[in-house]
Amino acid sequence: MVTSEPALSQLSGKSVSPDMQTEQFLYDDDGEGVLASPVIVQYWQSIVRWRVLIAVVIVVALIAGLVATLLLPAQYEAKTLIEISREQKNIAKVEGVEGKVDLNDAEFYETQYKLLKSESLAERVVRSLRLNSSDKFFSAHGIDIESFAVASGQSTRRFEDKRVKAATELLLSHVDIRPVPRSRLIEVVYRSESPSLSAEIANSWAAEFIGATMDRQYASSADARQFLEKRLAQLRQRIDQAERDIVRYSSSKGIVTLDTIRDADGKTFTGRTLASTNLEVLNDSLSKARAERIAAESRLLRGGADASSEALISSVVSNLRSERADLDSQYAKLLAQFDPQYPPALAIKQQRDAIDRAITAELGRITASRRLAYNEALKREGELRAKVDALVAQLNQQREASIRQTILQRDVDTNSQLYDALLQRYKEIGVAGSIGISNIAIVDQ
């Protein structure tokens, strides 16, 4: 093909506008012209003019690429397939430090991908396999061992750190993390010039990732345990101090607690104090003393002593009355035959009078004993009533003082409940941290 010249417009015998003059045509072998862009025309002209050189360059580039590919050392890829679950198995039925996560949270897997290619994980692999001291590892990546020679005056520690850093960078540049779409599977791919080394590093990469994850979980549990230990020690001190305050306050107010009651909410209430117990006992004694005083008063006011139960059961009164009845019988027989002034009759009468006086004296003693019993019952009732009134006043004072004691006890209960809850949580975290269950599993090595 050839391009038309601007003079063609003159040969046609027609006037050509300025815009038409800028248009160019490409002619094929049949002589038909096709309207083309100026830029494309220039490119095509250049290709046609330098077509031989272009063909030579392409052939040389292909040959050079083929030779370079054949001369480069072979690269071997090793793949380890792992599965990362969203939640770890809860065998012990206790929760760890980290709470539950949203199952639809895509940040979880994005975080795992970043962790799988973190510098800290690569350093763990380096130290696990001792790659920093492995000449085979550096040679498999085309690194000259002589470049890591110890420079003059350089410490061994600095030299080792340099090799560790270089090995870490090599690992990160040759590892590839490939998530399997729509699954929980992830491929850890490593490539090097050594197939055995690639497989070893790929397997170690997955194993160290599991170890690093479990170490982070254990570290978080350890931090939580340290915090809880410190908090538990503080609460234990506060509980001890509050209990000592209660004892001192109770002693100063004379409050002696015999037993306490704790409800279902863990609140402690004072069941009995010494004052309340003594009041119960004295109140029972007062009730008995009052009953005895009423009975004594009733016996005293009931009537004469000769018809009383005491007189009826008294052996002295019974004997005296029996003797008097015999004397009455003898005296009646003598009066039937003799005069009252008859000496035997007079003697019997004198005996009768003496017995009457003895009976009267015995009945008087019985009456006096009734009065004495009544007075003693009345006195005992008064004493017990005074003691009860004193205990009531003391108990009222203690009840007013127990308000402060209740506040102190409430502080003890609150701290004790918090202590028990933290202690239970401390035990759960200890169990969860010691189980070591991972949510990562190696599927294929």
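Me: Which residues in α9 do Gln112, Leu115 and Leu116 in α5 meet?

Reply: Those three in α5 meet Trp205, Phe209 and Arg216 in α9, with contact meaning heavy atoms within 4.5 Å. The residues of this contact split into four nonpolar, one polar and one charged. This is a predicted model: local features need pLDDT of at least 70, side-chain atom pairs count only at pLDDT 80 or more, and totals for chains, interfaces and linings use all residues. Residues are numbered from 1 along each chain as its sequence is written, while side-chain values use heavy atoms, with hydrogens and water left out.

Me: How do the axes of α5 and α9 cross?

Reply: Two packed helices are described by the angle between their axes and the distance between the axes. Here the axes of α5 and α9 come within 11 Å and cross at roughly 120 degrees.

Me: Which residues of α5 are buried?

Reply: In α5 (residues 107-116), Phe108, Tyr109, Gln112 and Leu116 are buried, meaning under 20% relative accessible area (exposed is over 50%, partly exposed in between; 1.4 Å probe, protein chains only). Down the axis of α5, the buried residues fall within an arc of 90 degrees, so they line one face of the helix. Glu107 and Lys114 are exposed on the face turned away from that buried side.

Me: What do the buried residues of α5 pack against?

Reply: Their partners are β3 (76-84), α6 (119-129), β4 (175-179), β5 (185-192) and α9 (195-252).

Me: Why does Glu208 count as buried?

Reply: Glu208 counts as buried because its relative accessibility is 15%. Glu208 sits in helix α9, and beyond four places away in sequence it touches Leu121, Arg124, Val125 and Ser128.

Definitions and conventions. Helices (H or I, at least four residues) and strands (E, at least two) are DSSP runs, numbered from the N terminus. The arc is that of the directions from the helix axis to the C-beta atoms. Axes are lines fitted to C-alpha atoms, for helices over the stretch in contact, and angles run from 0 to 180 degrees between N-to-C directions. Ala, Val, Leu, Ile, Met, Phe, Trp, Tyr, Cys and Pro count as nonpolar, Asp, Glu, Lys and Arg as charged, and the others, Gly among them, as polar.
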